[in-house]
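Welcome! Here are some short exercises to help you find your way around a new structure. Try each task yourself before you read its solution.

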Amino acid sequence: ATGSVVATPAQYDAEYLSPVSIGTPAQTLMLDFDTGSSDLWVFSSETPKSSVQGQTVYNPSKSSTAKKLSGATWKISYGDGSSSSGSVYTDKVTIGGLSVSNVAVESAQKVSREFTAEADLDGLLGLAFSSINTVQPTQQKTFFDMAKPSLDSAVFTADLKYGKAGKYNFGYIDDSAYNGSLTYTAVDSSNGWWMFTSPGYAVGSGTLDSTSITGIADTGTTLLLVPSSVVTTYYKQIRNARYDSSQAGYVFPCSTSLPSFTYAVGNSQIVIPGKYINFAPVDSAGSSCFGGIQSDEGIGFSIFGDVALKAAFVVFDGSQSPRLGFASK
Ligand SMILES: COc1ccc(CN)cc1O
């Protein structure tokens, strides 16, 4: 089996949302596919009304295939300080024509204000390793792990794009979706993430600096978060860039033309065009813009978020020895 689903960017490419059908008859929600976490959770009929502001909710009592996972709970918090928690059902989940039965669908009984504020987001679909799924007392598998036995190939791919819809494919690699060849690199999944080491980076047309960057391929994080030494080197190339403590990040005039940022993958390189690194205006005046490259200070590793991933076609190979493949496009 295979599946293919669109990934539509929300405001300023802050996140990418994909339609997911849950239950019988189908209830279709827009979920943020997140390779940085491993819980499939949704706004639901159990979410307090005051916390639901525009989202579509899953109602398990209206699904003939829903089953309560008795005694199971979940609770998750994300790098941005947001969080959610609740109860668990199993139900049929269909993504882009790929149907999987008895998937753990985590129903939100609490969501933090950051999620309430995102009217377009109805939940998250975790695509990291099942070892960090938060369901207790019995940890649950991700949609990808549940689908794997049926997939033609134990892979999914992320083809996110700048300011327009991209795709997630399951079970196959669309060789027409990228240029040249895929370069595969080793993954350390011991902490549950798609963690890899980039052997170097470059700013603009500069030579490759062999400072390695170890981080996670995370479709659920918007920006590229790297060591402060790399951040300083990048913004040093931009005359009017400055660290704005009120924004806790580097900003620059929105009219600035930005240098590209290249990250190495094995012996190949992915070039992030400068325009991808102008994330969004920091105020309604729109004079000052927030950089798409910021520091990974305090996290413990770097995060190759959407700013980095949308410059590539990325293969998440979930075979016996997981690996990541990158190609330019
Ligand atoms: C509050 O919004 C979010 C919080 C966490 C994630 C996952 N990194 C995605 C989101 O859209």
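**Exercise 1.** Which elements each supply at least two residues of the lining of the largest pocket?

*Solution.* Keep in mind that you are looking at a predicted model.
- Step 1: Go through the strands; strand 3 and strand 5 (67-77) each supply at least two residues of the lining.
- Step 2: Turn to the helices, where helix 1 also gives at least two.
- Step 3: Add the size of the pocket, whose volume is about 1,100 Å³.
- Step 4: Look towards the centre: of the 37 lining residues, Gly79, Asp80, Gly220, Thr221 and Thr222 are the closest to it.
- Step 5: Sort the lining by class, which gives 17 nonpolar, twelve polar and eight charged residues.

**Exercise 2.** Find the space taken by the ligand, and describe the shell of residues around the ligand.

*Solution.*
- Step 1: The ligand takes up the space of the largest pocket.
- Step 2: Two elements give two or more residues to the shell around the ligand, namely strand 3 (27-34) and helix 1 (113-116).
- Step 3: Pick out names from the shell; among them are Glu15, Asp32, Asp34, Tyr78, Phe115 and Gly220.
- Step 4: Divide the shell by class: six residues are charged, four are nonpolar and two are polar.

**Exercise 3.** Which atoms of the ligand pair with polar atoms of glutamate 15, aspartate 32 and glycine 220?

*Solution.*
- Step 1: For glutamate 15, a side-chain N or O atom is 3.2 Å from an oxygen atom of the ligand.
- Step 2: For aspartate 32, the partner is again an oxygen atom of the ligand, with a polar side-chain atom 3.3 Å away.
- Step 3: For glycine 220, the backbone takes part: one of its polar atoms lies 2.8 Å from a nitrogen atom of the ligand.
- Step 4: Now look at the cover. On its own the ligand has 310 Å² of accessible area, and the protein covers 91% of it.

**Exercise 4.** Where are the cis peptide bonds before proline 25 and proline 137, and which positive phi does asparagine 102 have?

*Solution.*
- Step 1: Recall the general rule: most peptide bonds are trans, and most residues other than glycine have a negative phi.
- Step 2: The bond from threonine 24 to proline 25 is cis, with omega near -10 degrees. Proline 25 sits in the loop between strand 2 (16-22) and strand 3.
- Step 3: Glutamine 136 and proline 137 are also joined by a cis bond, with omega about 0 degrees. Proline 137 belongs to the loop between strand 8 (123-126) and helix 2 (143-147).
- Step 4: Asparagine 102, although not a glycine, has a positive phi of about 55 degrees, and its place is in strand 7.

Key
Residues numbered from 1 in each chain as written. Predicted model: local features only at pLDDT ≥ 70, side-chain atom pairs only at ≥ 80, totals over all residues. Heavy atoms only, no water. Near = heavy atom within 4 Å. Polar contact = N/O pair within 3.5 Å; in protein donor to acceptor, adjacent residues only side chain to side chain. Areas by Shrake-Rupley, 256 points an atom, 1.4 Å probe, with all protein chains shown as cover. 1 Å grid on protein atoms, 1.4 Å probe; cavity = no way out; pocket = protein on both sides within 12 Å on 5 of 7 lines; lining within 4 Å. Sits in = over half its atoms within 2 Å of the grid points. Helix = DSSP H or I, 4+ residues; strand = E, 2+ residues; numbered from the N terminus. Nonpolar A, V, L, I, M, F, W, Y, C, P; charged D, E, K, R; others polar. Points joined across faces, edges and corners; volume = space filled by probe spheres on them.
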